[in-house]
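Let's take a friendly walk through a protein model, one feature at a time. Keep the structure open beside the text and look up each residue as it comes along.

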Amino acid sequence: MTASIWETHFQFMKYDFATLSPDDFEDLSRDLVGAELGVRFEAFTAGIDDGMDGRHAKADGSIILQAKHYFRSGFTKLKSKMRDERASIDGLAPQRYILTTSVALTPANKATLADIIGPALLSPGDIFGLDDLNALLRSYPDILKAHQKLWAHSTPVLEESRPCFPPMFRLHWRG
């Protein structure tokens, strides 16, 4: 059996999430972390979110997910923002706090963020940086397929998808 473009192309892809808006990054984060934990996160409208981009509420407390799309700003800006968020995190008093970010993180970066976030973060493993999110995308290819802005610029994927396009779009297709 021959592997599809999806299976071969995306096995080696590394995304920086530059094609995603902050709202798209929040959606992707909820989908990936939700799949990994086996829970569904509530989504909230764009705007002031009181420090939560996703919430999984249960009887013994809530899990709060915060997504920070700072791929261009870097770790220093992320660290500063998380210091500003600490009061909100403490006010929410979640059972578990999870942070996703488009910033590439080292173990030392995660330890620094863990100290800033405080006790709501159960472990530095609840901080998902760029490489962690890429690993989750490889583990959950259906989520990758659902977030078209990640791969819409990929010629091999578009060529494989060509039969899916209605005939009127195929007239303009070179392939």
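A salt bridge is a side-chain nitrogen of Lys or Arg within 4 Å of a carboxyl oxygen of Asp or Glu. With that in mind, how many salt bridges does a search of the whole structure find? The search finds 8. Please remember that this is a predicted model.

## The overall plan

Let's begin with the chain as a whole. The protein chain holds 9 helices and 4 strands. Following the sequence, you meet them in the pattern α-α-β-β-α-β-α-β-α-α-α-α-α. The chain has 175 residues, and 39% of them are buried. Now consider the contacts in the chain with a separation of 6 or more: residues 24 or more positions apart account for 66% of these.

## Three salt bridges

Side chains of opposite charge can pair when their charged atoms come close. The table lists three such pairs, with the N to O distance for each.

| Salt bridge | N to O distance |
|---|---|
| Asp-27 and Arg-30 | 2.3 Å |
| Lys-68 and Glu-85 | 3.0 Å |
| Asp-90 and Arg-86 | 3.0 Å |

Take Asp-27 and Arg-30, whose side chains meet in a salt bridge. Both residues belong to helix α2, which covers residues 22-37, and they sit 3 residues apart, about one turn of the helix. Are the two partners buried or exposed? Asp-27 is partly exposed, since its relative accessible area is 31%. Arg-30 has a relative accessible area of 8%, so this residue counts as buried.

Next comes the salt bridge between Lys-68 and Glu-85. This pair links distant parts of the chain, with Lys-68 in strand β2 (residues 61-68) and Glu-85 in helix α3 (residues 75-92), 17 residues apart. Lys-68 is buried because its relative accessible area is 6%, and Glu-85 is buried with a value of 9%. The cut-off behind both statements is that buried means under 20% relative accessible area.

In the third pair, Asp-90 and Arg-86 meet through their side chains. Both lie in helix α3, 4 residues apart, which is about one turn of the helix. Asp-90 is partly exposed at 41% relative accessibility, and Arg-86 is also partly exposed, at 26%. Salt bridges can share partners too: Lys-68, Lys-81 and Glu-85 are joined into one network in this way.

## Where two helices meet

Helix α3 also takes part in a helix pair. Its axis and that of helix α4 (residues 107-117) come within 8 Å and cross at roughly 25°. Why are α3 and α4 called roughly parallel to each other? Angles under 35 degrees count as roughly parallel, and the crossing angle here is roughly 25°, so the two helices fit that description. The crossing of α3 past α4 is right-handed.

Which residues meet here? On the α3 side they include Phe-75, Leu-78, Met-82 and Ile-89, and on the α4 side they include Leu-113, Ile-116 and Ile-117. Arg-86 and Asp-90, the salt-bridge partners from the table, are also among the α3 residues in this contact. Taken together, the residues of the contact divide into 7 nonpolar, 2 polar and 5 charged.

## Two positive phi angles

Now look at the backbone. Phe-17 is not a glycine, yet its phi is positive, at about 70°. You will find Phe-17 in the loop between α1 (5-9) and α2. Ala-93 is not a glycine either, and its phi is positive at about 50°. Ala-93 belongs to the loop between α3 and β3 (96-101).

Is each of these two loop residues buried or exposed? Phe-17 is buried, because its relative accessibility is 1%. Ala-93 is exposed, because its relative accessible area is 59%.

## A buried asparagine

Our last stop is Asn-134, found in helix α5, which spans residues 130-139. Its relative accessibility is 2%, so Asn-134 counts as buried. Which residues does Asn-134 touch, not counting those up to four places away in sequence? They are Met-13, Lys-14, Tyr-15 and Phe-17. Phe-17 brings us back to the loop between α1 and α2, where this residue has its positive phi of about 70°.

Definitions and conventions:
Residues are numbered from 1 along each chain as its sequence is written. This is a predicted model: local features need pLDDT of at least 70, side-chain atom pairs count only at pLDDT 80 or more; totals for chains, interfaces and linings use all residues. Side-chain values use heavy atoms; hydrogens and water are left out. Buried means under 20% relative accessible area, exposed over 50%, partly exposed in between (1.4 Å probe, protein chains only). Axes are lines fitted to C-alpha atoms, for helices over the stretch in contact, and angles run from 0 to 180 degrees between N-to-C directions. Angles under 35 degrees count as roughly parallel, over 145 as roughly antiparallel, 65 to 115 as roughly perpendicular and the rest as oblique. A crossing is left-handed if the near helix is turned anticlockwise from the far one by less than a right angle, and right-handed if clockwise. Contact means heavy atoms within 4.5 Å. Ala, Val, Leu, Ile, Met, Phe, Trp, Tyr, Cys and Pro count as nonpolar, Asp, Glu, Lys and Arg as charged, and the others, Gly among them, as polar.
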